[in-house]
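Dear colleague,

Please find below the structure I agreed to pass on to you. My findings follow it.

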Amino acid sequence: MTNKEIAQHFRQLGQLMELHGENPFKIRSYQSAYRNLRAYEQPLAELSAEEISSIKGVGKAISGKIQELLEAGQMATLEKYRDKTPAGIQEMLNIKGFGPKKIMTVWEGLGVESVGELLYAVNENRLVELKGFGAKTQEELRKKLEYYQKSRNRYHYAAIEAEAQNLLDAIKTVLPEVPVDFCGAIRRKAVVIDEIEILVGQPDAAETLVDKDLLKGLKATGAAQTTTEAEVPVKIYTCDPESFGSRLFELTASDAFLEAVTEQVPAEAWGSEAEEPAVFNILKLPYIEPELREQAWAVDLAHNNNLPDLITEADIKGIVHAHTTYSDGANTLREMAEYAKAQGFAYLGLTDHSKSAFYANGLKPERVFEQMEEVDALNQELAPFRIFKGIESDILNDGSLDYEEEVLKAFDFIIASVHSNLRMDEDKATKRLITAIENPYTTMLGHPTGRLLLSRPGYPIDHQKVLDACAANGVSVEINAHPYRLDLDWTWVPYALEKGIMLSINPDAHSTSGMHDIRYGVLAGRKGGLSAAECLNTLDAEGFAAAIAKS
């Protein structure tokens, strides 16, 4: 164990002790040991216990802990604090400028236990009410968290989409006569990707791009590997322009999709086509959109001429699932409504948090009716644009909704979502959701598993039972379009559609800018084969009102 590795153990011990409010004197001694040990040149492993204890800032007690590390590879005191601190909280200690006191504040105040949950809370404007936080501090933390997330080698599609597009455009500018396109997971619009993959139809393109300072650090391993300026991995494939279409088809397809295709027609038959549509002609298949090339079922649909007409952003007529300053949103009701209208949407489905969501300033009944009065006034002013009176009702532990019946019946629609007690087993979580689905006031099931991509797995549910219950009770299901959620997962979209369930692509917007997350929900819906006719908020305001009307 090197001196720096030993020092790092004392650094973490000091941080964890500060996190738990331990003796400041001991904390300072461990912090001092960290600074002195990491700068000490002679290897500690070569010193006696007496020699170690004589090092400035060490002493007998710390020397004993160093001996533990050298002999056993761990330190009992540190392990004690690690055991009582969630792994996600420990990980937060790696975020520069976000110290133990602030970590403890969000842990105790919001119940946040992972970096992803913290970033989601920041994006929902939840930190501004905590002691020691304000809008500026929250925004600075958001930037730090996003940087940290990017450094962990897996990426939300939304996090690198713009950077990837900039790189693609730059390559096209340098090589204007050369065919260039995304391939791999990024072309399939996967919700999480590991790298940016680009195909260039010129064999020596990598060298050209290096000469133009677009790429750096190339390694030849079947493709040129490099990174963007923000250190996102990039893989550049090259080929002859005459085979660009065939290579693009091959590199875009998932293994499962490619296997299903080659069972019918071997790759040799379409191995040298300049344009990708020509490959589909050889395969005797209609063109399959890249988003659908993730699983084999799309090939079966294509063979049966049954490919869906995939939904587009332009098909979305209304913003459903939006929060305002009544709960934890960053913009007022008026601002959210006026912005939605200015973006060309016909309606806003208002869904602030319900009363049990104390962490999000959930609405007590009197505030619900106060908000409804403002909605009535704005509807008169903004007509024909319409605001629908909704709520995102917490699903309580027993599956009930979060208001008495006289309040529930006042809403135009209700999104029922789980926000608390996420550590359920599959049976309990499934029963809890089904109970809420069977409530006659539930219009829509929100983010069914509560997952946060790359940060928090969803609680386990029996998707088939939950979706069957939605179908039986006429409850629609949300595809939460926030790029950290995208829940319902796209892999369950085909089953939901088979059951006749209407899906709704909802941005879960906590600000005006959050409405634009609709894009990522649309991309997820497309991966599952969703068409406009099967999406609730592609209806106009009158159609949406009819669809959510209580029987």
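What does the accessible surface of the chain come to, and what percentage of it belongs to carbon and sulfur atoms? In this predicted model, the accessible surface amounts to about 24200 Å², and carbon and sulfur atoms contribute 47% of that area.

As to the overall fold, the chain contains 24 helices and 13 strands. Its C-alpha trace spans about 80 × 70 × 45 Å along the principal axes. Of the 551 residues, 52% are buried. Among contacts with a separation of 6 or more, 69% join residues that are 24 or more positions apart. The chain carries 57 positive and 84 negative charges, and the mean positions of the two sets lie 7 Å apart.

Helix H10 deserves a separate paragraph. It covers residues 157-174, and its 18 residues should span 26 Å at 1.5 Å a residue; the end C-alpha atoms are 25 Å apart, so the two values agree. H10 nevertheless bends by about 25 degrees at Glu 163. Glu 163 is itself one of the buried residues of this helix, which also include Glu 161, Tyr 157, Ile 160 and Leu 167.

Lastly, I looked at Glu 268, which sits in the loop between helix H14 (255-262) and helix H15 (276-283). Glu 268 counts as exposed because its relative accessibility is 70%, and the cut-off for exposed is over 50%. Its C-alpha atom is 10.0 Å from that of Ser 246, a residue 22 positions away in sequence.

With kind regards

Terms used:
Residues numbered from 1 in each chain as written. Predicted model: local features only at pLDDT ≥ 70, side-chain atom pairs only at ≥ 80, totals over all residues. Heavy atoms only, no water. Helix = DSSP H or I, 4+ residues; strand = E, 2+ residues; numbered from the N terminus. Buried < 20%, exposed > 50% of the residue type's maximum accessible area, 1.4 Å probe, protein only. Contact = heavy atoms within 4.5 Å. Areas by Shrake-Rupley, 256 points an atom, 1.4 Å probe, with all protein chains shown as cover. Lys, Arg positive; Asp, Glu negative; His and termini not counted. Charge placed at Lys NZ, Arg CZ, Asp CG, Glu CD. Expected span 1.5 Å × (residues − 1). Bend = angle between axes of the 7 residues up to and from the residue.
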